[in-house]
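Reader: I've just opened this one and could use a guided look. Can you show me how to read its features?
Author: Sure, let's go through them one at a time.

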Amino acid sequence: MKHLLKLLDLDGKDIIDILNLADQLKYEQKHGIAHRHLEGKTLGMIFEKSSTRTRVSFEVGMYQLGGHALFLSAQELQMGRGEPIEDTARVLSRYLDGIMIRTYKQSVVEGLAKYGSIPIINGLTDDWHPCQVLADLMTIREHKNKLEDLKLCFIGDGHNMANSLIVGGLKVGMSVTICVPKGYEPFPAALDFAKEYAATGKFELVHGPLEAAKNADVLVTDVWSSMGQESEAAKRQQDFAGFCVDDEMIAVAKPDVMVQHCLPAHKGEEITAKVFEEHAAEIFDEAENRLHAQKAVMVKLMGSN
């Protein structure tokens with residue numbers, strides 16, 4: 001494991017190894033046990049998209065691991081003025097021990113990995129969100145004590161979260177149902193990966209939310225308008241009518257269903273305020289676990305072992 005660009009690049013064992021290390025690091029943090037695995041290391045954090053959880057969790061995580069995180073706004077870098085990604089990658093590789101980037105195009109992340117000589121972590125692109133899904137899987141395993149054979153159901157827009165949940169969920173042995181309005185299907189690479197699982201009944205793509213949520217162990221949703229798509233919000237609200245995670249959806253799921261939302265939440269749109277608050281403990285465990293899962297990724301990529 002040289003980079004974390006997308007979960008397609010990992011196998012199931014890689015994912016479980018990251019989750020096991022995340023559990024260990026979380027235990028050590030909660031019990032005041034020092035785990036300064038990245039003493040003297042520096043992570044550059046490039047942001048082309050705004051962030052709350054990503055920036056804070058990576059910055060705090062590096063501090064807890066004994067390293068330093070350096071915030072790099074894309075507008076302040078020469079890449080924001082047209083410097084080729086291959087030059088940016090080679091320069092930053094001379095200064096830093098790793099780069100986390102939150103950007104629009106997956107090609108930018110892949111370019112940094114191709115031309116640089118240090119680990120690259122995808123903090124989010126329009127296509128993939130691997131760090132969030134690692135935190136989701138960590139949280140599900142905490143609450144359910146397993147991942148294998150659970151039914152994970154995503155209700156919403158077939159964007160980066162749906163793409164990464166398909167890959168991550170299937171690779172750790174879950175059954176995955178994706179429910180989106182017609183025209184909002186997930187990325188072709190994610191669906192291509194899922195084809196062999198569809199043949200065995202482990203994956204399905206459907207358009208009826210109540211059908212999808214039936215007997216779900218985990219319901220996952222996300223905002224309908226991703227960053228950069230706010231101008232389409234009105235049309236999306238119309239297209240997503242009936243896709244709000246509400247009491248009716250909860251009623252057809254398993255009695256002990258858990259709910260995940262990567263935040264920020266637009267309550268009353270993709271999830272009702274009532275359902276959100278009833279499952280707030282699970283949702284904010286998920287938010288916290290961004291810290292621990294990402295620390296595990298950084299140790300795997302930037303640690304000496």
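Reader: Where do I start? Which residues have the most contacts inside the largest nonpolar core?
Author: Keep in mind that this is a predicted model. Its largest nonpolar core has 80 residues, and L4, I121, L134, I155, L219 and M298 have the most contacts inside it.

Reader: Which helix gives the most to this core?
Author: That's α12, residues 280-302, which contributes 8 residues. Apart from this core lies another one of 15 residues, including L72, L96, I99 and A113.

Reader: Back to I155. What is I155 in contact with, leaving aside its neighbours within four places in sequence?
Author: The list runs C179, P209, A212, L219, V220, T221, D222, F243, V245 and M249. One of these, L219, is also among the core residues with the most contacts.

Reader: Now the sheets. What is the strand order in the open sheet of 4 strands?
Author: Read across, the order is β2-β1-β3-β4, and the pairing is parallel. At the edges you'll find β2 (68-73) and β4 (120-124); each has a single partner strand, so one side of each has no neighbour in the sheet. From one strand to the next, the twist averages 20 degrees.

Reader: How many bridges join β1 to β2?
Author: There are 6, with β1 covering residues 42-47 and running parallel to β2. For one pair to look at, find G44: its bridge partner in β2 is L70.

Reader: Which strands of the sheet does α12 touch?
Author: Helix α12 packs on the sheet and touches β1, β3 and β4. The direction of α12 makes about 160 degrees with that of β4.

Reader: How do I read the two faces of a strand?
Author: In a regular strand, side chains alternate between the two faces of the sheet. Try β9, residues 258-261: M258 and Q260 are on one side, V259 and H261 on the other, and all of them are buried.

Reader: In what sense do β8 and β9 pair?
Author: Parallel, over 4 bridges, with β8 spanning residues 218-221. Opposite M258 of β9 you'll see V218.

Reader: One last spot: T103. Is T103 buried or exposed?
Author: Relative accessibility is the number to check, and buried means under 20%. T103 has 0%, so T103 counts as buried. You'll find T103 in the loop between β3 (98-102) and α4 (106-115). Not counting residues up to four places away in sequence, T103 touches E48, K49, V108, V109, L124, T125 and D126.

Conventions:
Residues numbered from 1 in each chain as written. Predicted model: local features only at pLDDT ≥ 70, side-chain atom pairs only at ≥ 80, totals over all residues. Heavy atoms only, no water. Buried < 20%, exposed > 50% of the residue type's maximum accessible area, 1.4 Å probe, protein only. Helix = DSSP H or I, 4+ residues; strand = E, 2+ residues; numbered from the N terminus. Pairing = 2+ DSSP bridges. Contact = heavy atoms within 4.5 Å. Core = buried A, V, L, I, M, F, W, Y, C linked by side-chain atoms within 4.5 Å. Axes fitted to C-alpha atoms, helices over the stretch in contact; angles between N-to-C directions.
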